[in-house]
Structures are given as structure tokens and as C-alpha cells.
Amino acid sequence: MSSETRKISVQRLNKFFTVQDARKQVLHNINFEVDAGEFICLLGSSGCGKSTILNLISGLDKEYSGEIRIDGVPRAQSSAHLSYLFQEPRLLPWLTVEKNIHFALQAAGVPAAEWPERTGHYLGMVNLSGSERHYIHQLSGGMQHRVAIARAFSVNPDILLMDEPFGALDELTARDIRANLLELWQRDRKTVLFVTHNTLEATYMADRILMMSANPGKIDTVEQVRLSRPRQYESDELFFMHKEVISQFVAISGKPA
């Protein structure tokens with residue numbers, strides 16, 4: 001991996017929490033690197049520290065030992081623009097769809113003259129053209145997640161962090177939204193770090209899968225996903241690749257995924 005293309009570098013990362021006066025290690029010696037434009041999945045069972053890694057990279061949590069670098073500089077000194085998608089869409093219910101996106105654009109310092117074009121473009125990319133004036137309660141759960149994706153891409157982030165954003169959706173809806181996300185990603189080639197416990201989701205989406213074990217959380221295996229894009233859920237290639245991934249993951253986690 002070339003240092004010139006490296007977007008994220010995590011070295012010797014350790015994290016402790018204090019629980020009832022006891023010090024508990026939740027991350028142990030985490031090491032990985034992400035190239036610019038890569039789509040990386042952190043795959044692990046609940047409680048292994050996947051979300052904690054995103055919080056540390058995002059700067060939401062600043063207490064750790066080790067090193068996090070973005071574009072070659074320490075996280076605290078980086079000027080990189082990050083977008084973070086959580087498990088819930090976290091939209092503002094008192095604003096319309098377009099106003100939710102405008103709010104994010106304003107916070108990112110995007111000139112107001114660009115808001116209509118960006119809003120229309122990214123809502124169109126997630127198949128929500130015509131929903132600009134709808135309020136959030138008028139949208140289905142899947143539509144709300146699409147708005148959150150459009151909002152995240154509209155601010156032109158350098159890095160997109162995603163914490164199990166489709167975990168609460170039914171599988172058919174999630175498949176549709178994953179396809180939307182990948183279409184956006186393949187056009188813009190943002191660097192994506194995506195947390196999931198779903199082995200099929202990771203196999204379908206990722207360039208590489210970092211498989212984590214727990215207690216404390218550590219990266220056990222790195223799997224290169226050797227599949228061309230775009231990928232099809234019904235393809236033999238995806239079936240056999242997923243079979244390989246799930247076999248490794250069950251061995252790591254010690255229980256079915």
C-alpha cells in the first residue's frame with residue numbers, strides 16, 4: 001500500500017473503558033491502513049469494538065493509546081472532512097428532506113448558491129427525486145436511510161464512516177439501498193469504512209474485510225474480496241466468496257454470524 005495513496009493509518013491502537021471502577025480493555029493492538037477510494041468493512045460480532053474504532057477515527061472519542069493518521073498527519077491535526085452515518089438516519093424531523101440536506105451543506109460551509117444543485121443531484125442518485133418537500137415522518141424507514149446517504153455525500157466528504165446503517169431494515173430494502181450506496185461510491189470514490197456484523201453485506205460491498213474477534217477487540221483476519229464490480233446477489237461468484245468469508249468469520253467469532 002503506497003504512502004502516497006494512504007488515507008487512514010491506524011497503528012498500535014488500544015482503548016480502555018472504566019466500568020464500575022474496573023479498567024476494561026475493549027481494543028487491543030489494532031493495526032490497519034486504508035487507501036484513498038477503498039471500501040473497507042469492519043466485520044465483527046456485537047461488542048467487539050467496531051463502533052469504537054469509528055468513534056476514535058471520527059474524533060468523537062479522543063481517549064486512546066496508539067496512533068491514528070489521516071492523509072499522513074495525526075488525527076487531531078487533520079483537516080480532512082468526515083461524514084458519519086449512524087445506525088439511525090438522525091434526520092431533523094421539523095425540516096423537510098431538502099432542508100435537512102441544506103442544513104448539512106450550511107454546516108460544511110458550502111455556498112448557498114450550490115445547495116439546490118447538490119440537493120437535486122444526490123436525491124436523484126438515491127431515487128428520491130420529488131421528495132424534496134416531504135417531512136421525515138412522511139417517509140418510510142428505507143427512504144429515510146436514502147436521505148441520510150444523500151446528505152452524507154452532498155457535503156463531499158474525504159472519508160465516509162458508516163456504523164451498521166442498514167441493520168434495522170428488512171433484507172430486501174437493505175439490498176436496494178446498498179446498491180444505491182455502491183452506485184454513489186463508484187462515481188465519487190470516497191474512502192469508506194463500514195461497520196457490520198452481516199457477512200453477506202460485507203462480501204457484497206467491500207474491497208477488503210477486516211474480521212474482528214472480541215474481549216478485547218482485535219483484527220484477526222484480513223480478507224481481500226476478489227470480485228469484480230458491479231456485484232450481483234444471485235451470482236455464483238458472490239455465493240462462493242461469501243461461503244469462504246462466513247467460514248472464516250464463524251471460526252473467529254466462535255458462533256454463527
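Modeller: Let's start with polar contacts: a polar contact is a pair of N or O atoms within 3.5 Å; within protein, one must be able to donate a hydrogen and the other to accept it, and residues adjacent in sequence count only if both atoms are side-chain atoms. This is a predicted model, in which local features need pLDDT of at least 70 and side-chain atom pairs count only at pLDDT 80 or more, while totals for chains, interfaces and linings use all residues. Residues are numbered from 1 along each chain as its sequence is written, and side-chain values use heavy atoms, with hydrogens and water left out.

Biologist: Happy with that. What makes aspartate 170 a cap of H5?

Modeller: A side-chain oxygen of aspartate 170 lies 3.2 Å from the backbone nitrogen of leucine 172, at the N-terminal end of H5. That value is within the 3.5 Å limit, so the pair passes the distance test for a polar contact. Just after H5 comes arginine 189, with a positive phi near 50°.

Biologist: And how do you know that the length of H5 agrees with its number of residues?

Modeller: Helices (H or I, at least four residues) and strands (E, at least two) are DSSP runs, numbered from the N terminus. The expected span of a helix is 1.5 Å times one less than its number of residues. For the 18 residues of H5 this gives 26 Å, and the end C-alpha atoms are 25 Å apart, so the two agree.

Biologist: Where does H5 pack?

Modeller: First, the sheet itself: an open sheet of 6 strands runs in the order E6-E7-E8-E3-E9-E10, with mixed pairing. Its edge strands are E6 (82-85) and E10 (218-224), each pairing on one side only. Averaged with direction ignored, neighbouring strands here are turned by 15° against each other. H5 (residues 171-188) packs on this sheet and touches E3, E7 and E8, its direction making about 140° with that of E3. Touching rests on contact, meaning heavy atoms within 4.5 Å, and the axes are lines fitted to C-alpha atoms (for helices over the stretch in contact), with angles from 0 to 180 degrees between N-to-C directions.

Biologist: Why are E3 and E9 called a pair?

Modeller: Two strands pair if DSSP finds at least two bridges between them. E3 (residues 39-43) and E9 (residues 208-213) run parallel and are joined by 4 bridges, so they meet the rule. Within that pair, isoleucine 40 stands opposite arginine 208.

Biologist: What makes E4 and E5 a pair?

Modeller: They run antiparallel with 2 bridges, so the requirement of at least two is met. Arginine 69 has proline 74 as its bridge partner in E5. Both strands belong to an open antiparallel sheet of 4 strands, ordered E2-E1-E4-E5.

Biologist: Why is serine 78 called buried?

Modeller: Buried means under 20% relative accessible area, exposed over 50%, and partly exposed in between (1.4 Å probe, protein chains only). Serine 78 has 15% relative accessibility, so it counts as buried. It sits in the loop between E5 and E6, and its side chain reaches the backbone nitrogen of alanine 80 at 3.1 Å.

Biologist: What makes aspartate 61 and lysine 15 a salt bridge?

Modeller: The rule asks for a side-chain nitrogen of Lys or Arg within 4 Å of a carboxyl oxygen of Asp or Glu. Here the closest N and O atoms are 2.9 Å apart, so the pair qualifies. Aspartate 61 lies in the loop between H1 and E4 and lysine 15 in E1, so parts that are 46 residues apart in sequence are tied together. With a relative accessible area of 3%, lysine 15 is buried.

Biologist: How do you know that aspartate 71 is partly exposed?

Modeller: Its relative accessible area is 40%, which falls between 20% and 50%, so partly exposed is the right label. Aspartate 71 forms a salt bridge with lysine 7 at 3.0 Å. Lysine 7, at 12%, counts as buried.

Biologist: Which residues join glutamate 201 and arginine 178 in one network?

Modeller: Glutamate 201 and arginine 178 meet in a salt bridge at 2.8 Å, N to O, and both are buried. Salt bridges that share partners join Glu171, Arg175, Arg178 and Glu201 into one network. By the same rule, the count comes to 16 salt bridges.
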